[in-house]
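Student: I should like to examine how residues in this model are classified, and on what grounds.
Tutor: Let us take the structure and reason from values to terms.

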Amino acid sequence: MRYLLLTIILIAVPFCNAMAQNPETPDTVKIIENAEKILVSRDADTTLIEVETDSEKGKELFSYSVTVKDSIADDYDSSIDFEIPFGIGKDKSKNKKSSRMRTSMFFLGHPYIGKRFNYADKGNVKNSIELGFREIVGIAWNRGSYTPTFSMGVGIGSQWYGAQDGFAYKRIGSKLVLIPVEDDCSVKSTWMYLLNFQVPLLLTLPMGCDVKFTLGGIGCFNTFALAQTELANGTTKIKTTYKGLQQRLFTAELMCSLVLFDILGVYASWSPMTLFQSPYGPQLKSWSIGATFNF
């Protein structure tokens, strides 16, 4: 017996030392004798155990419940909120900061209108007007309306490029050029129209005082280009339309904006890529400024 007791002590001492260095919350242990019926049920995160016993005191009922919550579920909200433009149906409670990551879908986001200024080999191309929606449909992730927001979506944009006085657009083979107009002709109108689909990746940061700063990149898929020239020679009018222009299929832009009160703001963008591959059109590059809206 003495040797058995000594063996137990030698085993218990290292075990107790390890437990002291790594303490854990002890489990709940309950010994129930003469159990006749055991019922285990679960409701959401709560588990209930009921045991019916038969002893000298008669029948007794013992019950125990425990609730286990998933911490990951608390940090991420998989539900999707839909935001309608122009402030309809906005929930003011979303302005509060939450520990949960919130996913929202929105439509007709960041409409804009501005002016694009040409540089590099702009030739006789005038500065253009641009307008569109950064996101026709988009998805945003944040922890509340006044926390950093990452968003991505699909938008559409358009640009109009005029020509300097005395010049007109003309296509020679596959190349679009600007040529001087003959003295006996006058230019009624001449312009180039471009349409693209945009994929913006944007990060919006709250700056305080109801100011939000947005910075990101925009991939532009240039799907349509058209040039048109209308000349007049006395009473004769000549109108020519050029389609199938050899523009770049993909261009990229950097964009930033400041928005006040989630309504009106200003933006600036810069495109380091030419609209046309050489030698199919003007080798101009551009940057733009304008007004943007945030609903």
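Student: Which residues does Phe213 touch, not counting residues up to four places away in sequence?
Tutor: In this predicted model, Phe213 touches Leu203, Thr204, Leu205, Met207, Cys256, Ser257 and Leu258. Phe213 itself lies in strand β11, residues 211-233. Its C-alpha atom is separated by 8.3 Å from that of Leu203, ten residues apart along the chain.

Student: Why is Phe213 called partly exposed?
Tutor: The relative accessibility of Phe213 is 25%. Buried requires under 20% and exposed over 50%, so Phe213 counts as partly exposed.

Student: What makes Ser151 buried or exposed?
Tutor: Ser151 has 5% relative accessibility. The limit for buried is under 20%, and therefore Ser151 counts as buried. This serine is found in strand β7, residues 149-162, and touches Phe106, Glu135, Ile139, Ala140, Pro200, Leu201 and Leu202, leaving aside residues up to four places away in sequence.

Student: How is Phe221, in strand β11, classified, and why?
Tutor: Phe221 has a relative accessible area of 37%. Partly exposed lies between the 20% and 50% limits, so Phe221 is partly exposed. Patch residues need over 30% relative accessible area, and Phe221 is one of the residues that form a nonpolar patch on the surface.

Student: Which strands each supply at least two residues of the nonpolar patch?
Tutor: These are β5 (101-120), β6 (128-142) and β10 (186-208). The patch, whose members include Phe107, Ile136 and Phe197, has about 800 Å² of accessible area together.

Terms used
Residues numbered from 1 in each chain as written. Predicted model: local features only at pLDDT ≥ 70, side-chain atom pairs only at ≥ 80, totals over all residues. Heavy atoms only, no water. Helix = DSSP H or I, 4+ residues; strand = E, 2+ residues; numbered from the N terminus. Buried < 20%, exposed > 50% of the residue type's maximum accessible area, 1.4 Å probe, protein only. Contact = heavy atoms within 4.5 Å. Patch = residues over 30% accessible without salt bridge, like charges linked within 9 Å, V, L, I, M, F, W, Y side chains within 5 Å. Areas by Shrake-Rupley, 256 points an atom, 1.4 Å probe, with all protein chains shown as cover. Salt bridge = Lys/Arg side-chain N within 4 Å of Asp/Glu carboxyl O.
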